[in-house]
Amino acid sequence: MSNKYATRLGVASVLILALGFTATSAQAAAVSATAQLFGVSTVGTPILTFSNDQYAQGAQNSLGGDLFHFGSSQRELFLNDSIDGGNTVATARSGIESDLPVTNAGTIGNAAASAYTTYSFDYVATGAGQVFVDFDYLYSVTILDIQAGEQAGVSSSVVAVEEGKPGTNVSALFFFSNQENNDFGSERLRLTLNVLDGQTGTISFTAASQGFTTAVPVPAAVWLFGSALIGMLRLRRK
C-alpha cells in the first residue's frame with residue numbers, strides 16, 4: 001500500500017493570489033495571472049531523501065525591464081510600472097507567500113509582463129520500485145474589459161520534471177486569449193519515478209505567469225509573453 005509520508009513544503013490554506021487589476025480606461029483591457037506551489041509530497045514504497053534546495057527566478061515587464069535571481073533561497077522580485085497616468089500598467093512578481101514560491105503577472109493597456117520561479121532539489125532513493133512525487137499548486141487567469149480592436153492574452157503554467165530524463169515531464173497550462181474570462185483553482189501534478197536502491201537525481205518544479213494587453217500587436221509583447229518559459233529552460237539548474 002502506498003503512503004504519503006514526506007512533505008517538502010507545508011500544505012496550508014492559501015488564498016488565490018491573483019492581482020486585482022481594474023482598467024482605468026474604457027479602452028484598456030486588463031489581465032492577471034498567478035501560479036503558486038503550495039505542497040510537495042511523495043507516495044510509494046521507496047523512500048526519497050531530499051536535499052540541496054535551489055531556486056531560479058525571473059520577473060520582467062515591457063515598461064520596467066527585468067530581474068533575475070539564482071540561489072539556495074528565494075528572493076522577492078517585483079516590477080510595478082505605469083505610464084499615462086496609470087492607463088498603462090505592467091506588473092511582474094516572482095517571490096514568496098508564506099514561505100511558498102509564487103508568481104504574478106498583470107497588465108493594463110499596451111504592456112506585457114511575465115514571471116517564473118523554478119524550485120529544484122536532489123534526491124537519494126532508499127529501496128527500489130515506483131514512487132510518485134506530487135506537486136500541489138494554485139493557479140488563476142483573468143481577462144477583463146477587453147474592447148473591440150484590442151488583443152489580450154494570459155496564462156498560468158506549471159511543469160515538473162526529473163532533470164536529464166525528459167520522458168518524466170508533466171505539465172499543465174491555463175490560458176485565455178482575446179476573450180473576457182477567468183479561471184482559478186487548485187490542482188496537482190504527479191511525477192512518476194522508477195528508482196533503484198541508492199539512486200540519485202534532481203527534480204524541479206516551475207511555475208510561470210504571463211500576460212499582455214495591446215490595441216496593436218507588438219513584437220515586444222509577444223516576446224515577453226513567452227520569455228518566462230524560455231528563461232526557465234536556460235536558468236534551470238543543470
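Trainee: What share of the 238 residues in the chain is buried?

Mentor: This model is predicted: local features need pLDDT of at least 70, side-chain atom pairs count only at pLDDT 80 or more, and totals for chains, interfaces and linings use all residues. Residues are numbered from 1 along each chain as its sequence is written, and side-chain values use heavy atoms, without hydrogens and water. Buried means under 20% relative accessible area, exposed over 50%, and partly exposed in between (1.4 Å probe, protein chains only). In this chain of 238 residues, the buried share is 55%.

Trainee: How many strands does the chain have?

Mentor: Helices (H or I, at least four residues) and strands (E, at least two) are DSSP runs, numbered from the N terminus. Along the sequence, the pattern runs β-β-β-β-β-β-β-β-β-β-β-β-β-α. So the chain has one helix, and its strands number 13.

Trainee: What is the average pLDDT of the chain?

Mentor: pLDDT is the predictor's confidence in each residue, from 0 to 100. Here 79% of the residues score at least 70, and the chain average is 82.

Trainee: Over which residues, besides 1-6, is the pLDDT below 50?

Mentor: Residues 1-6 have a pLDDT below 50. Where pLDDT is low, the predicted coordinates should not be read in detail. The other stretch has 47 contacts (heavy atoms within 4.5 Å) beyond near neighbours in sequence, and its pLDDT is also below 50: residues 10-26.

Trainee: Which residue forms a salt bridge with arginine 93 at 2.5 Å?

Mentor: A salt bridge is a side-chain nitrogen of Lys or Arg within 4 Å of a carboxyl oxygen of Asp or Glu. Arginine 93 is buried at 13% relative accessibility, while its partner is partly exposed at 40%. At 2.5 Å between the closest N and O atoms, that partner is glutamate 76.

Trainee: How many residues apart in sequence are the parts that this pair ties together?

Mentor: Arginine 93 sits in strand 6 (residues 88-97). Glutamate 76 sits in the loop between strand 4 (65-71) and strand 5 (77-83). The pair therefore ties together parts whose separation in residues is 17.

Trainee: Which residue forms a salt bridge with aspartate 134 at 2.7 Å?

Mentor: Aspartate 134 is in strand 9 (residues 129-144) and its partner is in strand 12 (residues 181-195), so the pair ties together parts 56 residues apart in sequence. Aspartate 134 is buried, with a relative accessible area of 0%. The partner is partly exposed, at 37%. With closest N and O atoms 2.7 Å apart, the partner is arginine 190.
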